[in-house]
Amino acid sequence: MFEVYLFVHPACLKCLDSEREVTKVTEKLNCKVCLRFIPFISLGSINEANLLHIDSYQMTIDYKAALYQGCKKGRQFLQLIQELTLVKKRNYNDELAYHAALAVNLDLDMFKEDRLSSMVKENVSSDQKLVQEMGITNHDSLVMFDCNSSEHGVLVEKINNSQLKELFSDVVNRNSFYNLKTLPNLRVL
């Protein structure tokens with residue numbers, strides 16, 4: 001089994017592309033993969049000049065609330081709100097969040113309750129601690145662990161589609177991080 005963490009910013013179009021690619025590649029693998037999208041946002045001071053951070057934070061809160069109804073639904077929710085805000089240029093607000101929740105078949109009442117809970121905010125905080133613990137400095141970074149045969153993982157920063165396919169092909173086919181072809185932005189953890 002492989003654990004894959006993709007660190008993303010909710011308001012990043014490149015991250016949305018990476019999420020889609022990682023999802024496609026992992027679904028085609030002949031092994032079990034636990035895929036997690038981890039929001040990587042800066043929680044600095046929030047004022048009127050950086051409304052994007054406020055939207056990104058609320059999108060992150062809502063994504064974590066959606067995850068309470070299943071990982072797959074949560075990932076679908078995140079990708080839909082990114083599509084609506086980044087591609088279709090809609091403003092992120094409660095109405096858009098509720099529309100997206102219904103579109104991916106979330107229980108809307110439960111979603112509304114969860115997005116206001118302190119537990120969701122604690123989960124967001126835990127994700128930011130994970131970002132620090134794993135040494136992530138850029139969104140659009142991927143960390144992968146082989147739970148069956150290795151204590152080590154790999155970190156690939158600013159991953160692109162060809163690297164993604166090469167990484168998964170090499171690791172899954174050779175069943176080891178040590179035999180990887182050298183990717184310029186790969187680091188063994």
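Visitor: What does leucine 142 touch, leaving out residues up to four places away in sequence?
Guide: This is a predicted model. In it, leucine 142 touches Val4, Tyr5, Leu6 and Val22. Val154, Leu155, Val156, Ile159, Leu164 and Leu167 complete the list.

Visitor: And which residues touch the most other members of the largest nonpolar core?
Guide: Leu142 is one of them. The others are Phe77, Ile81, Phe111 and Met144. That core has 40 residues.

Visitor: Which helix gives the most to this core?
Guide: Helix α2, residues 51–67. It supplies six residues.

Visitor: What about another core, apart from that one?
Guide: There is one of 10 residues. Tyr5, Ile38, Val131 and Val143 are among them.

Visitor: Switching to strands. How many bridges join β1 to β2?
Guide: Seven. Strand β1 covers residues 2–8 and strand β2 covers residues 33–39. The two run parallel.

Visitor: How does the chain cross from β1 to β2?
Guide: Through helix α1, residues 13–28. This β-α-β crossover is right-handed.

Visitor: What stands opposite valine 8 in β2?
Guide: Proline 39.

Visitor: New topic: threonine 85. Where does it lie?
Guide: In helix α3, residues 71–87.

Visitor: Buried or exposed?
Guide: Threonine 85 counts as buried, because its relative accessibility is 14% and the cut-off for buried is under 20%.

Visitor: Which residues is threonine 85 in contact with, neighbours within four places aside?
Guide: Met59, Arg90, Tyr92 and Leu96.

Note on methods: Residues are numbered from 1 along each chain as its sequence is written. This is a predicted model: local features need pLDDT of at least 70, side-chain atom pairs count only at pLDDT 80 or more; totals for chains, interfaces and linings use all residues. Side-chain values use heavy atoms; hydrogens and water are left out. Two strands pair if DSSP finds at least two bridges between them. Helices (H or I, at least four residues) and strands (E, at least two) are DSSP runs, numbered from the N terminus. A crossover is right-handed if, with the strands pointing away from the viewer, the path from the first strand over the helix to the second runs clockwise. A nonpolar core is a set of buried Ala, Val, Leu, Ile, Met, Phe, Trp, Tyr and Cys residues joined through side-chain atoms within 4.5 Å. Buried means under 20% relative accessible area, exposed over 50%, partly exposed in between (1.4 Å probe, protein chains only). Contact means heavy atoms within 4.5 Å.
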